[in-house]
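Below are some comments on the model you sent, set out as numbered points. Please read them alongside the sequence and the coordinates.

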Amino acid sequence: MLQSSLPSPHLHCTNLYPIPSLPPLSPPSFSSSSLSSGLRRCRRLSFRLHEDIHFSINPKPKGLKVSCAVSEPLKVMISGAPASGKGTQCEMIVQKFGLVHISTGDLLRAEVSSGSEIGNKAKEYMRIGRLVPDEIVIMMVTARISQEDAKKKGWLLDGFPRTFAQAQSLEKLKIRPDVYIVLDVPDQILIDRCIGRRLDPVTGKIYHLNFFPPENEEIKARLVTRSDDTEEKVKSRLEIYKQNVEAILSTYSTIMNEVDGNHSKDEVFKAIDSLLSKVHEEKENRTKLEKSIRASERISNLASSSQDNWRGIPTRLNNIPHSREIRAYFYDDVLQATQRAVNDGRTRLKVEINIPELNPEMDVYRIGTLMELVRVLALSFADDGKHVKVCVQGSMGEGALAGMPLQLAGTRKILEFMDWGDYGAKGTFINIGSIGSKEVEEQDDLFILVAPQNAVGNCIIDDLKAMTDAAGDRPVILVNARLKDLPGSSGIMQTMGREKRLEYAASFESCYFFRLLYYAGTQYPIMGAIRMAYPYRYELYKRVDESFGKEKYIIVSTFSERPTVDEINDTFLGKPRSEVKKATGFWGFLSGIL
């Protein structure tokens with residue numbers, strides 16, 4: 001264990017990425033030995049990462065802003081002449097696709113009824129028999145489209161815009177549909193539909209003498225003809241409708257699709273359904289392509305930054321607490337490697353990082369540092385539009401054997417209390433769960449499992465395997481997992497199924513690995529380090545003391561696979577790799593360190 005006489009906690013870091021200056025940092029207050037008091041105090045921890053994104057741990061969210069880029073839902077405009085069946089098709093579209101139906105008539109009536117400022121203005125124009133000005137109507141439409149349900153579900157704009165000026169106003173506000181549907185019905189059919197319509201003044205129900213006759217003679221006797229359903233007025237309304245369509249055609253010509261409305265409502269909707277499904281699929285594919293391009297560019301930049309311009313390992317890693325720069329370095333290093341692996345289609349990944357604050361075998365282990373690392377990963381993938389499930393194993397066993405590893409005690413509550421941002425990433429794109437198949441939901445895109453590990457008398461492997469089976473080809477990322485077999489409750493090693501458990505544990509591919517190397521049986525001083533960041537090789541570094549108390553890490557060799565203790569010792573001693581020697585003497589490292 002580290003001695004209490006360690007150097008001053010003031011840390012010196014060299015060879016780091018440039019990081020903006022920050023206000024003084026308070027170290028995280030979470031540790032495995034004082035968790036309950038840490039939860040009560042929950043002191044603030046702040047740091048910065050690339051792109052100047054600010055993260056903080058705080059029980060009251062107030063500082064983190066996350067922009068979650070997701071593929072937008074459908075945006076549809078529909079137009080149709082009187083009696084074209086537009087109202088019926090709108091109902092069927094909303095039912096099938098879940099879009100928010102927006103009708104200017106409904107909006108006007110709602111605003112007037114509510115007595116809002118916009119409603120009162122509109123009411124004044126309507127009272128004197130004048131058309132409500134475009135700016136008022138546009139204001140209502142914009143306000144409705146900007147509401148949360150319309151942004152989340154998508155919208156169906158019914159019969160609007162009607163004029164070129166209205167269409168251009170929407171364009172200036174960047175309100176543009178994915179598709180503009182025009183129901184095409186011959187004029188004479190429309191006229192026949194209109195003049196055959198009848199209104200039941202008692203129920204308000206609309207009937208048609210030929211296509212939808214009343215149920216009985218009593219209803220038929222009380223039906224009336226609406227004042228605007230005469231042939232003359234219908235023809236006039238058709239002319240106005242055609243002028244409106246012609247006026248906005250130039251704005252939406254590239255996305256306009258005519259649908260033959262001279263069929264039954266089910267046949268017409270079948271055509272609309274096919275059209276919208278195709279538009280939605282194309283939009284999804286376009287979004288995926290754009291994401292892929294951005295990801296490729298990001299990977300290229302990250303790879304360049306990670307390898308060509310990588311500036312080396314930070315120093316003074318045995319000084320505790322770690323500085324914000326050191327934490328930011330490792331969070332970013334892990335994030336880049338994990339992103340590259342996920343973008344390459346890897347689905348079973350593990351992150352192994354064993355700096356002092358993340359080494360549970362040291363008394364300086366800080367659970368807050370682990371939680372922050374998990375949060376950085378989760379928020380980054382959420383920012384790419386993925387729904388992330390962060391999972392912590394629950395209590396295992398029953399009765400007197402119930403419990404969980406001390407390293408994980410309280411982690412679920414810490415995750416719940418952490419600041420996940422003002423934009424509500426937690427609960428929408430990030431959810432907290434447990435390890436097990438029941439936690440895998442259809443909307444989940446990626447799973448981050450926090451330090452899954454076996455405990456004496458209990459094995460997490462079965463729950464873990466059930467979860468990965470349920471996840472299918474969706475990425476599952478283990479962060480600092482400890483899956484080696486432990487003794488059963490009787491103190492005897494669990495042998496049944498041990499081979500399969502070890503085989504399963506080994507099926508996860510390392511996307512990031514970092515471990516400090518010490519003299520055998522000690523944790524001080526640091527002799528070197530091993531680092532691997534996907535998709536690159538394992539790099540072996542030797543720590544070298546320089547003048548005036550400075551140090552640096554120099555790379556001495558690389559390996560295609562994780563090097564063994566013998567390979568590390570041989571490299572440090574300058575021996576050829578073909579000479580396999582047993583690790584003994586001065587250079588023998590801590591048994592089982594790898």
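1. I begin with a single pairing: I181 has N257 in β9 as its bridge partner. This is a predicted model, and the remarks that follow should be read as remarks on a prediction. The pairing belongs to the contact between strand β6 (residues 179–184) and β9, two strands that run parallel and are joined by 5 bridges.

2. The sheet to which these strands belong is open and is built from 5 strands in the order β4-β5-β3-β6-β9, with parallel pairing. Its edges are formed by β4 (100–103) and β9 (256–260), each of which pairs on one side only. Ignoring direction, neighbouring strands of this sheet are turned by 25° against each other on average. Helix α2 (residues 86–97) packs on the sheet, where it touches β3 (75–80), β4, β5 (155–158) and β6, and its direction makes about 160° with that of β3.

3. A second open sheet has 9 strands and mixed pairing, and its order is β12-β11-β13-β14-β10-β15-β16-β17-β18. The edge strands here are β12 (430–433) and β18 (551–559), each pairing on one side only, while the twist from one strand to the next averages 20°.

4. Within that second sheet, strand β11 (residues 388–391) and strand β13 (residues 446–450) run parallel and are joined by 4 bridges. The bridge partner of C391 in β13 is L449. Two helices can be described against the same strand β13. Helix α13 (residues 367–383) packs on the sheet, touching β10 (348–354), β11, β12, β13 and β14 (476–479), with a direction that makes about 180° with that of β13. Helix α15 (residues 461–471) also packs on the sheet, touching β10, β11, β13 and β14, and its direction makes about 165° with that of β13.

5. How many disulfides does the structure hold? The count is 0. Two cysteines deserve a word here: C391 is buried, with a relative accessible area of 0%, and C90 is likewise buried, with a relative accessible area of 1%.

6. Turning to helix packing, the axes of helix α7 (residues 164–172) and helix α10 (residues 231–252) come within 8 Å and cross at roughly 25°. Since angles under 35 degrees count as roughly parallel, α7 and α10 are therefore roughly parallel to each other. On the α7 side the contact involves F164, A167, Q168, L170 and E171, which meet A247, I248, S250, T251 and Y252 in α10. By class, this contact of α7 with α10 has 6 nonpolar, 3 polar and 1 charged residues.

7. Finally, is I118 buried or exposed? I118, which lies in helix α4 (residues 117–127), has a relative accessible area of 16% and is buried, because buried means under 20%. Leaving aside residues up to four places away in sequence, I118 touches E111, I136, M139 and M140. The C-alpha atoms of I118 and V137, which are 19 residues apart along the chain, are separated by 8.9 Å.

Technical notes:
Residues are numbered from 1 along each chain as its sequence is written. This is a predicted model: local features need pLDDT of at least 70, side-chain atom pairs count only at pLDDT 80 or more; totals for chains, interfaces and linings use all residues. Side-chain values use heavy atoms; hydrogens and water are left out. Axes are lines fitted to C-alpha atoms, for helices over the stretch in contact, and angles run from 0 to 180 degrees between N-to-C directions. Angles under 35 degrees count as roughly parallel, over 145 as roughly antiparallel, 65 to 115 as roughly perpendicular and the rest as oblique. Contact means heavy atoms within 4.5 Å. Ala, Val, Leu, Ile, Met, Phe, Trp, Tyr, Cys and Pro count as nonpolar, Asp, Glu, Lys and Arg as charged, and the others, Gly among them, as polar. Buried means under 20% relative accessible area, exposed over 50%, partly exposed in between (1.4 Å probe, protein chains only). Two strands pair if DSSP finds at least two bridges between them. A disulfide is a pair of cysteine sulfur atoms within 2.5 Å.
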